[in-house]
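Here are some short exercises to work through with the structure open beside you. Try each task before reading its solution.

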Amino acid sequence: MGLAHDLEALAIDIAREAGELARVRRTEGVAIAATKSALADIVTEADREVEALIRRRLRTERPDDGFLGEETGAERGLSDITWVVDPIDGTVNYAYGIPQYAVSIAAVTGEPTPEQWEAISAVVFNPASAELFHAARGDGAWRGEQRLVVNAEPSPAGALLATGFGYDPATHAGDLERVARVMPLARDLRRAGAASLDFAFVAAGRLDGYFERGLQPWDHAAGALLVTEAGGMVGGGGLGGTASSALSVACGPLLFDRLLTAALG
Ligand code: LIP
């Protein structure tokens with residue numbers, strides 16, 4: 001527990017500093033630096049600046065650890081720890097001024113791939129709302145000092161679910177077919193635009209479940225630990241049923257099999 005707590009505390013401190021930088025840059029105006037996988041897949045100068053700050057802090061505090069970041073890629077370390085970072089998750093929200101974005105930082109052990117790693121510390125911080133979600137493996141999930149618990153099962157009215165759509169328009173038809181398969185389980189859908197906060201909201205009981213195709217490792221690394229430490233289940237289309245770009249699913253245990261089956265199709 002010692003190392004997980006130590007890394008959680010470091011991640012909280014870094015996420016707060018990084019989140020404040022993102023918040024300030026947002027007030028100054030956001031510049032689109034480039035597009036990536038599709039025209040809609042943007043990166044802002046702030047994404048790059050925030051990830052650079054996080055990498056700098058980690059190089060200083062944990063020089064032997066590995067790193068996997070959305071904007072600067074992968075760097076193997078000498079230790080068994082890899083930091084998986086999305087500097088500004090919900091980049092499109094951030095660019096439009098929608099206050100639903102987060103700094104997502106996870107520390108994982110083992111091979112730095114979602115099918116093989118074990119997340120031990122996680123932080124998801126929304127600087128716009130000042131909500132900080134965090135977890136150390138085996139010690140529960142928290143929003144600040146409040147312990148988080150997933151909704152064990154949805155109300156008879158159905159599940160309040162969140163989902164998302166990929167940046168590539170060619171994937172939207174399949175995403176909509178998935179929504180149609182899942183809708184019989186739902187009372188309604190939310191599409192908030194930041195995967196890490198969708199996971200955090202499942203952990204907090206603000207959503208009954210979340211499903212999305214196309215997530216990257218940095219989108220789900222921290223949020224998945226929040227959900228499992230809050231008593232939920234996370235899975236998807238990866239090897240061994242892990243969350244993956246093929247599909248990620250997060251919810252309470254009594255909904256999981258039905259949601260995963262419908263989302264997989
Ligand atoms: C985003 C996710 C969102 C998903 C977007 C994108 P980004 O991450 O948080 O849930 O629908 O396609 O993957 O690009 O803002 O870090």
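**Exercise 1.** Find the distance from an oxygen atom of the ligand to a polar backbone atom of Ala 195.

*Solution.* Keep in mind that this is a predicted model. Start at Ala 195: a polar backbone atom of this residue lies 2.7 Å from a ligand oxygen. Next, go to Thr 91, where the distance from a polar backbone atom to an oxygen of the ligand is 2.8 Å. Then try Phe 165, whose polar backbone atom is 3.5 Å from a ligand oxygen.

**Exercise 2.** Work out what percentage of the ligand's exposed area the protein buries, and list the closest residues around the ligand.

*Solution.* First take the ligand alone: it exposes 380 Å². Now put the protein back, and 95% of that area is buried. Finally, look at the surroundings: 15 residues surround the ligand, and the closest are Asp 89, Tyr 167, Arg 191, Ala 195 and Glu 212.

**Exercise 3.** Trace the order of the strands in the open sheet of eight strands, and name its edge strands.

*Solution.* Step across the sheet and you read S4-S3-S5-S6-S7-S8-S9-S10, with mixed pairing. The edges are S4 (73-75) and S10 (146-147), each pairing on one side only. For a parallel pair, pick S3 (residues 66-69) and S5 (residues 81-89), joined by four bridges. Within this pair, Leu 68 has Val 84 in S5 as its bridge partner.

**Exercise 4.** Which angles do helices H1 and H6 make with S7?

*Solution.* Begin with H1 (residues 2-28), which packs on the sheet, touching S5, S6, S7 and S8, at about 25° to S7. Then turn to H6 (residues 217-229): this helix lies across S3, S5, S6, S7, S8 and S9 and runs at about 100° to S7.

Conventions: Residues are numbered from 1 along each chain as its sequence is written. This is a predicted model: local features need pLDDT of at least 70, side-chain atom pairs count only at pLDDT 80 or more; totals for chains, interfaces and linings use all residues. Side-chain values use heavy atoms; hydrogens and water are left out. Two strands pair if DSSP finds at least two bridges between them. Helices (H or I, at least four residues) and strands (E, at least two) are DSSP runs, numbered from the N terminus. Contact means heavy atoms within 4.5 Å. Axes are lines fitted to C-alpha atoms, for helices over the stretch in contact, and angles run from 0 to 180 degrees between N-to-C directions. A residue is near a molecule or strand if one of its heavy atoms lies within 4 Å of it. A polar contact is a pair of N or O atoms within 3.5 Å; within protein, one must be able to donate a hydrogen and the other to accept it, and residues adjacent in sequence count only if both atoms are side-chain atoms. Accessible areas come from the Shrake-Rupley method with a 1.4 Å probe; for residues, only the protein chains shown count as cover.
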